Each structure stands twice: as C-alpha cells, then as structure tokens.
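This briefing looks at one helix and one sheet in a protein model. Please keep the sequence and the structure in view while reading.

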Amino acid sequence: MTECITSLEYPGGIVAIDSGMVRPQMAACYLLETDSALAVVETGNNRSVDRILTVIAQRGRRVEEVSHVIVTHVHLDHAGGAGRLMQRLPNATLVVHPRGARHMLDPSRLEASARAVYGDEEYEAQHGALVPVPEERLLVMEDGGSLQVGGRTLEFKDTPGHARHHFCVWDEFSRGWFSGDTFGISYRELDTSSGPFIFPTTTPIQFDPPALLESMERLMERAPRNMYLTHFGRVQDLPRLAADMRAGVAKFVEWGERFATSERRRERIEAAMMSWLVERARAHGVTYSDASLHEIFGGDVVLNTQGIEFWLDNGR
Ligand SMILES: [Zn+2]
C-alpha cells in the first residue's frame, strides 16, 4: 500500500510536502520547481526521504533534475534526512549555513545529542542513523550569498535567534521567504476565518530573543508576500503575523524573567505559555476542545520552555 502523502501546491512552482514527522502537517519539506531544475528546501528526517522522492516522481520530474538541497538549519526536523536524500539525488549540492556545515560532514555529534534528548529507542523509531554528506557535495552559504535554480535566483540571509546555524532563503520570483523556524509555527489546523494563527518556536539551546527579533525584522524589510514555514506551509497576512510574533517573543522573555528564580520554574513557564496559547487560539476563533488544544500545543510548550530555560541559564 502506498502511504498517503499530503502535498500543498502554491503559485510560483512551490510545493509543500508533508515530511511525515510526528503528526500530519507538522513539518514540511518544499519542492521548488523551474522548467530546467528543481530544488528541495528542508529534508525532514530519514523517513521523509522516500516521501520527497515519491512527490518528485508524481509530478513527472526526475531525481537527476534536482540541482540543490537546502537546509535552513541542522535541527533534525529540517536536516536529519540530508545525507540519505543526497545519496538519492546524483546531481544535487547541499547548501548549508557556515555554522551547520561540519554537522552535515560529520553528523555524529548531532546524532549523539539527539539520542541523549530522545533516548535510543525513540531516537531509532523517529530518526535512524544520520548519514554524512561528502565535502565535495557541500556548499557553505554565507550571509548575502545567492545561487540559481534553473533561471530562478535564491538569496540567503543569516537569521540567528532560533539557532545560530540558521539562514532564511529569499525567492524573488514569488517574493517569499523559506523561513525555517525564524518566523515561528503556524499549523493549518488552527486556521479560522481570521486567517492563520502563529507563535514563536525555540529549542533547548541557542534561543536568543533579541537576535530572533532582529532576524524577523530582516525578513520583513523585504516586504515579503509569502512566508513558507517549515511548520507548516505558506502564510500571508504577514504584517499582522509579524506583530503576533513580536508579542510572542516578548511574552517568552516576560515569563522567563518573572519565573527565573521560582522553584517550579519549568512548570510555571509551561503553564503560563499553555494558557496564553489556548486563550489566544480562542480569541482567534479556534473551536477545538481544551483537550485537543493541549494536545496540539503540548510538544511546542515543552520545547519552547526548554529554550527559555536555556536562555535564562546561559544566554542572558
Ligand atoms: Zn523545526
């Protein structure tokens, strides 16, 4: 039986492919199509590779046409499948941030730290062994750099804040950013007649609120029409969403500072974040039960709180 793969097609030759991680429409990989070449932006993890290849074939294209695989940063939901995907794409170059390159060449540290977070059993179930990418197939992209996919120009901007090894990719043709995790998370299941619902995302290490705010401004300066989020899909209405993102980062900082010395710091930040998210979702017109909302937001609340705690302990 072939697995059902959700893919969403947007104008301008851009397709979001559900990477299959955790739950439907949680994490995307993108296929960028031009007449003469293809690019993949974000690889998902090892289990996403076959999905990407299936969608390429379904669209009547060939793996030989893929000229570039681009990862916004090296977290496993974005780049965990890079090595294995590159083995299947004979003509592709992997494009990565200068700070992420060594982890693509030798993913052993990335794998070890993920195993420490998930435990071996869950790590194996979710990810599997990471595959190194040969050096001659790697292109390290500096801030301000650009490349051509077919006739199409992509530009790269260093965007620290979520991670220091993060860049965003500007597609002039559609006036859109492949924003990785810099412009937060917006799940399509929370769309209402008011549009998309968005909130910031952090991780256990490298969360840097001022840097994240500045990176968002760098994206908005371009007056983009589209943001292609990894979690999940395209959003528009960007000035409103940027305001929501700024407010969200301000809340993360506020809770961090308020509960910094609390004995039950983690619990209190998590509780404040969950009730803020649920309240905002209600105001946005989301009608799921509280239990469903807790399920939708649960994983992100845990990760975001870890990010805030890391910032309290190391970054402030
Ligand atoms: Zn992510």
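On one side of helix 8, Pro239, Ala243, Glu254 and Glu257 are exposed. The model is predicted, and the points below treat helix 8 before turning to a sheet.

**Helix 8: length**

- Helix 8 runs over residues 238-259, and its 22 residues should span 32 Å at 1.5 Å a residue.
- The C-alpha atoms at the two ends of helix 8 are 31 Å apart, which agrees with the expected span.

**Helix 8: two sides**

- The buried residues of helix 8 are Leu238, Leu241, Asp244, Met245, Gly248, Val249, Phe252, Trp255, Gly256 and Phe259.
- Because these buried residues cover an arc of only 140 degrees around the axis, they lie on the same side of helix 8.
- The exposed residues Pro239, Ala243, Glu254 and Glu257 are on the other side.

**Helix 8: packing partners**

- Among the elements that the buried residues of helix 8 pack against are three helices: helix 7 (209-220), helix 9 (265-283) and helix 10 (290-315).
- These buried residues also pack against strand 12 (226-229) and strand 13 (233-235).

**The sheet**

- An open sheet is formed by 6 strands in the order 8-9-10-11-12-13, with mixed pairing.
- Strand 8 (146-149) and strand 13 are at the edges with a single partner strand each, so one side of each has no neighbour in the sheet.
- On average, neighbouring strands of this sheet are turned by 25 degrees against each other, direction ignored.

**One strand pair**

- Strand 10 (residues 167-171) pairs with strand 11 (residues 176-180) in the antiparallel sense, over 3 bridges.
- Opposite Val169 stands Phe178 in strand 11.

Methods
Residues are numbered from 1 along each chain as its sequence is written. This is a predicted model: local features need pLDDT of at least 70, side-chain atom pairs count only at pLDDT 80 or more; totals for chains, interfaces and linings use all residues. Helices (H or I, at least four residues) and strands (E, at least two) are DSSP runs, numbered from the N terminus. The expected span of a helix is 1.5 Å times one less than its number of residues. A residue is buried if 20 or more other C-beta atoms lie within 10 Å of its own, exposed if 12 or fewer, and partly exposed in between; C-beta atoms are placed from the backbone. The arc is that of the directions from the helix axis to the C-beta atoms. Two residues are in contact if their C-beta atoms, placed from the backbone, lie within 7 Å. Two strands pair if DSSP finds at least two bridges between them. Axes are lines fitted to C-alpha atoms, for helices over the stretch in contact, and angles run from 0 to 180 degrees between N-to-C directions.
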